[in-house]
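Please look at the sequence and the model shown below, and keep both in view while reading. The paragraphs that follow start from one residue and then move outwards to the parts around it.

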Amino acid sequence: MNIDLLRRSPDLRGVADVRLMTLEDGPGRGQRILVARNAVGLGFEVAVDRGFDVSALSFQGLNIGWHSPTQMVFPTHDPDSEEGLGFFRNFDGFMVTCGLDQYSRPHEIDTAHFNYPNLKTRRLPQHGRIHTEKARILCYGVDIETSTICCEGIVRQASVFGETLELHRKIIVPIFEGAFTIEDSVTNLSFRPSDHAILYHLNVGYPFLDESMKVSGLPEAVVDEINSISPVPSDDFGEKVDLVDSRVTPHGSPISLHSPSNGLTLNLDYDQCSLPKFAIWRAYQSGMFALGIEPRSDLRPSEGGQLAPGESRNYSLRLGLARI
């Protein structure tokens, strides 16, 4: 135990804090948010009722994460609405978890593996459902023993005669570092096999995202393509997605987003074995203006895209902010 620190800050609020709050106004009224900060100026929010995602991120007063026009709406819109594209009515925040049985575009799947005679197929919505589900909080607080802020919760995605998938998430933030770790475990709690997929949509926005932004740590051809277009808002940009298969083109260093004008770099480390696919999402359209980095699992059943009854899959991400 850090006795010297306790002598100086008896309840630790001098160096770190995390509080559970409920929003009382605006489109997000009624949802629970964990609001936290540490001693070096890392601030973040956890959207408890939206998949236990990291909805906001800042460092030393500078906004890092993306905030969309939807303004963290709550209750969330049905993902199945608008022909499976209801995701875009909810899409907002630094980290949006996509899954747990699907990501990418809406499509029909064979549901014979659930062994329910009255339902042979089902349409899966854009980027799945887990980002709209409410979490059960296991714990949150500042731990003097480990000198960390910890937020831990469980989010379930379930259907009668369908999947029962549970995400156990722990977010760990050292008190004296500009970094945090996300440790996830996804378990199939049903007694039938279930499709499984996960994608971490990590989105940065203005002012961290500006025309000075450069990407590094990916294969040279991908980096050259990304850096060839300066991040400047354009009314007609739309979006661009660049894909990387880490099994074919592994990257041995962190994926980094450099913002020289702000003097900051965001670094991402993750397990490429459990998350072998990766994408960069550019949405430089005016009024959107976002850049996303997206480690993801493989959708194919032969490559881990299915969980047997009782089977779990573990994932880990580490994000760090550093001065250039």
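Is Val96 buried or exposed? The model is a predicted one, and in it Val96 has a relative accessibility of 4%, which lies under the limit of 20%, and therefore Val96 counts as buried. Val96 is found in strand 6, and if we set aside its neighbours within four places in sequence, Val96 is in contact with Asp53, Phe87, Phe91, His131, Leu199, Tyr200, His201 and Asn203. One of these partners deserves a second look, since Val96 and His201 are 105 residues apart in sequence, while their C-alpha atoms are 5.0 Å apart in space.

From Val96 we can step to the sheet that contains its strand. Strands of a sheet pair through backbone hydrogen bonds, and they may do so in a parallel or an antiparallel way. Here five strands form an open sheet, with antiparallel pairing, in the order 6-14-20-19-16. Strand 6, which covers residues 95-100, and strand 16, which covers residues 240-245, are the edge strands, and each of them pairs on one side only. On average, neighbouring strands of this sheet are turned by 15 degrees against each other, if direction is ignored. At the end of the order given above, strand 16 is joined by six bridges to strand 19, residues 277-283, and the two run antiparallel; within this region, Val244 stands opposite Phe278 of strand 19.

Another open sheet of five strands has the order 1-2-3-4-5, and its pairing is antiparallel. Its edge strands are strand 1, residues 17-22, and strand 5, residues 62-63, each of which pairs on one side only. Inside this order, strand 2 (residues 32-37) and strand 3 (residues 42-47) pair in the antiparallel sense over five bridges, and Ile33 has Ala47 of strand 3 as its bridge partner.

The last stop is the empty space in the model. Rolling a probe the size of a water molecule over the atoms shows where such space is left. The largest pocket has a volume of about 750 Å³, and which residues lie nearest its centre? They are Gln126, His127, Glu239, Val241 and Trp281, which belong to a lining of 30 residues. Helix 3 (87-90), strand 16, strand 19 and strand 20 (290-296) each supply at least two residues of this lining, and strands 16, 19 and 20 are also members of the sheet that includes strand 6. By character, the residues of the lining divide into 14 nonpolar, nine polar and seven charged.

Note on methods:
Residues are numbered from 1 along each chain as its sequence is written. This is a predicted model: local features need pLDDT of at least 70, side-chain atom pairs count only at pLDDT 80 or more; totals for chains, interfaces and linings use all residues. Side-chain values use heavy atoms; hydrogens and water are left out. Two strands pair if DSSP finds at least two bridges between them. Helices (H or I, at least four residues) and strands (E, at least two) are DSSP runs, numbered from the N terminus. Axes are lines fitted to C-alpha atoms, for helices over the stretch in contact, and angles run from 0 to 180 degrees between N-to-C directions. On a 1 Å grid over the protein atoms alone, a cavity is a set of points where a 1.4 Å probe fits but cannot get out, and a pocket is an open set with protein on both sides within 12 Å along at least five of seven lines; lining residues have an atom within 4 Å of a point. Ala, Val, Leu, Ile, Met, Phe, Trp, Tyr, Cys and Pro count as nonpolar, Asp, Glu, Lys and Arg as charged, and the others, Gly among them, as polar. Buried means under 20% relative accessible area, exposed over 50%, partly exposed in between (1.4 Å probe, protein chains only). Contact means heavy atoms within 4.5 Å.
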